[in-house]
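Welcome, and thank you for taking a look at this one with me. Please open the sequence and the structure side by side before you read on.

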Amino acid sequence: MPGEKAHLTREKETLLITLCGKALESRLPDSLLKDWFAAEAVGKIDYDFGRLKVDRNLGVGLAIRAKAIDDRVRAFIARHPDAVVLHLGCGLDSRVFRVNPPAGVAWHDVDYPEVIALRGRLYPDRENCRLVASSVTDPQWLETVPADRPAMIAAEGLTPYLPADEGPKLFARLVRHFDRGEIVCDAYSSLGLKIVAMTPSVRATGAKLLWAINDPHDLEKAVPGLKLVEEIAPYETEHVRRMTLGARLFIGVWNLIPPLKKIGRLLRFEF
Ligand SMILES: C[S@@+](CC[C@H](N)C(=O)[O-])C[C@H]1O[C@@H](n2cnc3c(N)ncnc32)[C@H](O)[C@@H]1O
């Protein structure tokens with residue numbers, strides 16, 4: 001019987017969408033993400049996941065995005081086995097278990113206190129993985145993170161929920177804090193935010209989408225030292241074939257029309 005109550009609302013509740021999608025995808029016979037932790041966590045949470053209307057297409061899409069980010073984190077850690085990793089807006093994502101970093105990596109999972117408390121009840125403790133219970137926009141928590149090591153910062157599904165004036169400030173604070181590192185995150189244009197806000201899953205949570213990144217170069221201008229080095233095209237992989245025909249056609253047309261391609265992006269920056 002699921003025993004953990006999830007009293008989460010708005011942007012916090014959206015973590016149950018991504019968790020549910022990753023769990024669903026992990027149950028497919030040819031799973032890409034193989035997120036057994038997500039499947040197990042869903043089974044332990046007392047919550048009506050049906051209200052989030054997560055379907056196979058969403059699950060496969062979320063798994064593709066998560067795997068692309070996992071791969072960038074793994075590659076960074078392979079080059080920097082002494083890295084600091086910041087997983088911002090981690091929700092209940094099991095990245096630290098999937099990536100399984102070596103002991104020299106100092107991993108930080110950061111999210112609101114209610115989320116971190118639930119996370120602590122659902123997942124085992126892990127050496128060298130610190131749970132940071134704070135809004136990412138609060139400047140204080142970062143002061144406790146070692147600044148002199150290469151930093152890999154992953155933010156999956158976070159940027160739209162940050163206030164538009166706080167997002168660039170957070171990026172600037174991160175870039176100032178560390179000597180060097182990378183940030184990998186998804187980003188949505190103003191039109192992208194409107195489309196995401198209309199999806200049944202996000203509507204069910206009542207979350208507000210606030211920060212649009214229409215041009216990643218604007219972020220480079222706003223954050224001295226930040227340089228866009230990769231725009232990842234996650235949906236150009238063979239795994240899209242596991243979506244329904246309708247969704248594949250939609251993505252095909254989408255990819256052909258440049259303005260539409262820009263509504264949701266996966267970006268990697270260096271600093
Ligand atoms: C769509 S969920 C994504 C969760 C996780 N990254 C994943 O991919 O499964 C958005 C997450 O961002 C977190 N979040 C939003 N605003 C935040 C803030 N200001 N500080 C910390 N976490 C925040 C929410 O609590 C939630 O866990």
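Here are some numbered points to guide a first reading.

1. **What kind of model this is.** Please keep in mind that you are looking at a predicted model. The residue numbers in this note start from 1 along the chain as its sequence is written.

2. **Who surrounds the ligand.** A good place to begin is the ligand, which has 21 residues around it. The closest of them are Thr18, Gly89, Asp111, Val136 and Glu156. Which helix gives the largest share of this shell? That is helix H1, residues 10-26, with 6 residues. Sorted by class, the shell holds 8 nonpolar, 7 polar and 6 charged residues.

3. **Polar contacts to the ligand.** Three pairs of atoms are worth finding on your screen. In Thr18, a polar side-chain atom sits 2.8 Å from an oxygen atom of the ligand. In Tyr112, an N or O atom of the side chain is 3.1 Å from a ligand nitrogen atom. Val136 takes part through its backbone instead: one of its backbone N or O atoms is 2.8 Å from a nitrogen atom of the ligand. How much of the ligand does the protein bury? Taken alone, the ligand exposes 590 Å², and the protein buries 98% of that.

4. **The sheet.** Next, trace the open sheet of 7 strands. Its order is S5-S4-S3-S6-S7-S9-S8, and the pairing is mixed. At the edges you will find strand S5 (129-133) and strand S8 (227-232), each of which pairs on one side only. From one strand to the next, the twist averages 20°.

5. **A pair of strands within it.** Have a look at strand S7 (residues 181-188) beside strand S9 (residues 264-270). In which sense do S7 and S9 pair? Their pairing is antiparallel and runs over 7 bridges. To find your bearings there, look for Ala187, which stands opposite Arg265 in S9.

6. **Glu270.** Staying with strand S9, you can also pick out Glu270, which has its place there. Glu270 counts as partly exposed because its relative accessibility is 34%, between the cut-offs of 20% and 50%. Measuring from C-alpha to C-alpha, Glu270 and Ala197 are 29 Å apart in space, with their positions 73 residues apart in sequence.

7. **Asn57.** Now move to helix H3 (residues 56-79), where Asn57 is found. Is Asn57 buried or exposed? Its relative accessibility is 19%, so Asn57 counts as buried, the cut-off being under 20%. A polar atom of the Asn57 side chain lies 2.9 Å from the backbone nitrogen of Thr244.

8. **Two residues with positive phi.** Finally, please check two loop residues. Lys34 is not a glycine, yet its phi is positive, near 50°. Lys34 belongs to the loop between H1 and helix H2 (36-44), and its relative accessible area of 46% makes it partly exposed. Asn100, likewise not a glycine, has a positive phi of about 50°. Where does Asn100 lie? Its loop runs between helix H4 (95-99) and strand S4 (106-111). Asn100 is partly exposed too, with a relative accessible area of 49%.

Methods: This is a predicted model: local features need pLDDT of at least 70, side-chain atom pairs count only at pLDDT 80 or more; totals for chains, interfaces and linings use all residues. Side-chain values use heavy atoms; hydrogens and water are left out. A residue is near a molecule or strand if one of its heavy atoms lies within 4 Å of it. A polar contact is a pair of N or O atoms within 3.5 Å; within protein, one must be able to donate a hydrogen and the other to accept it, and residues adjacent in sequence count only if both atoms are side-chain atoms. Accessible areas come from the Shrake-Rupley method with a 1.4 Å probe; for residues, only the protein chains shown count as cover. Helices (H or I, at least four residues) and strands (E, at least two) are DSSP runs, numbered from the N terminus. Ala, Val, Leu, Ile, Met, Phe, Trp, Tyr, Cys and Pro count as nonpolar, Asp, Glu, Lys and Arg as charged, and the others, Gly among them, as polar. Buried means under 20% relative accessible area, exposed over 50%, partly exposed in between (1.4 Å probe, protein chains only). Two strands pair if DSSP finds at least two bridges between them. Axes are lines fitted to C-alpha atoms, for helices over the stretch in contact, and angles run from 0 to 180 degrees between N-to-C directions.
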